[in-house]
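Could you walk me through this protein in my viewer, one selection at a time? I am new to structures and would like to know what to click on and what I will find there.

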Amino acid sequence: RTLADVRVNPHAGRHQHLNRSKDFSKSLAAAGIQYVHWGDQIGENAVLELPRLRGLMASVRQAVCLLGHLKEALQCHRLALGDVFVQLGYEVWHIRWMDHLS
């Protein structure tokens, strides 16, 4: 499993525990999750090119979860990324923070 951080600035935001750091990567690795930062390639202002996205997805083997700044996909560029991934043939689920409670 892979957590792909699509934030251009992975140190911004209110949630300091989600900042890109060695400790964050180690915690994820302990749970069997690989951390990758894709914000410099497909961040908020990036042009979403299919070949680039295909290449990124080819670099990981299993399920990918996108981490962005905003909790609602409708307000974040993750929604546009999800649409492109569907075009590439991937199954996309939008998971919200509160979904784990149900």
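Here is a short tour, with a selection to make at each stop.

**Before you click: confidence**

Keep in mind that this is a predicted model. Try colouring the protein by pLDDT: the mean is 77, and 76% of the residues reach 70 or more. Next, select strand 2 (residues 34-37), where confidence is highest at a mean of 88, and then strand 3 (residues 64-67), where it is lowest at 80. A word of caution for any model like this one: where pLDDT is low, the predicted coordinates should not be read in detail.

**Stop 1: a charged pair**

Select Arg-7, in the loop between strand 1 (2-5) and helix 1 (22-30). Now add Asp-5 and show both side chains: they meet in a salt bridge, with 2.7 Å from N to O. Side chains of opposite charge can pair when their charged atoms come close. Enjoy this one, as the structure holds one salt bridge.

Are these two residues buried or exposed? Asp-5 is buried, with a relative accessible area of 0%, and Arg-7 is buried too, at 3%.

**Stop 2: across to helix 2**

Keep Arg-7 on screen and select Ile-42, which belongs to helix 2 (residues 39-42). Along the chain Ile-42 and Arg-7 are 35 residues apart, yet 8.5 Å separates their C-alpha atoms. Ile-42 has a relative accessible area of 1%, so it counts as buried.

What does Ile-42 touch? Leaving out residues up to four places away in sequence, its contacts are Val-6, Leu-48, Arg-52, Leu-53, Leu-56, His-77 and Leu-81. Show these side chains before you move on.

**Stop 3: the largest nonpolar core**

Ile-42 leads straight into the next selection. The largest nonpolar core has 13 residues, and those touching the most other members are Trp-38, Ile-42, Leu-53, Leu-81 and Phe-85. Colour helix 3 (50-58) and helix 4 (78-87), since each supplies at least two residues of this core.

Then click on Leu-81. Again leaving out residues up to four places away in sequence, Leu-81 touches Val-6, Ile-42, Leu-48, Leu-53 and Leu-66. There is also a second, separate core of five residues, with Phe-24, Leu-28, Tyr-35 and Leu-67 among them.

**Stop 4: rings that meet**

How many aromatic pairs does the structure hold? There are two. For one of them, select Phe-24 and Tyr-35: the rings are edge-to-face, 5.6 Å from centre to centre, with 70° between the planes. Phe-24 lies in helix 1 and Tyr-35 in strand 2, so this pair ties together parts that are 11 residues apart in sequence. Phe-24 is buried, at a relative accessible area of 11%, and Tyr-35 is buried at 14%.

Now select Phe-85 and Tyr-90, an edge-to-face pair with 6.0 Å between the centres and 90° between the planes. Turn on the surface and look at the two partners in turn. Phe-85 counts as buried because its relative accessibility is 5%, whereas Tyr-90 has 35% and counts as partly exposed.

**Last look**

To finish, show Asp-5 with Arg-7 for the salt bridge, and Ile-42 and Leu-81 for the largest nonpolar core. Add Phe-24 with Tyr-35 for an aromatic pair, and your tour is complete.

How values were computed. Residues numbered from 1 in each chain as written. Heavy atoms only, no water. Salt bridge = Lys/Arg side-chain N within 4 Å of Asp/Glu carboxyl O. Buried < 20%, exposed > 50% of the residue type's maximum accessible area, 1.4 Å probe, protein only. Helix = DSSP H or I, 4+ residues; strand = E, 2+ residues; numbered from the N terminus. Contact = heavy atoms within 4.5 Å. pLDDT = per-residue confidence, 0-100. Phe/Tyr/Trp six-rings, centres within 6.5 Å; stacked < 30°, edge-to-face > 60°. Core = buried A, V, L, I, M, F, W, Y, C linked by side-chain atoms within 4.5 Å.
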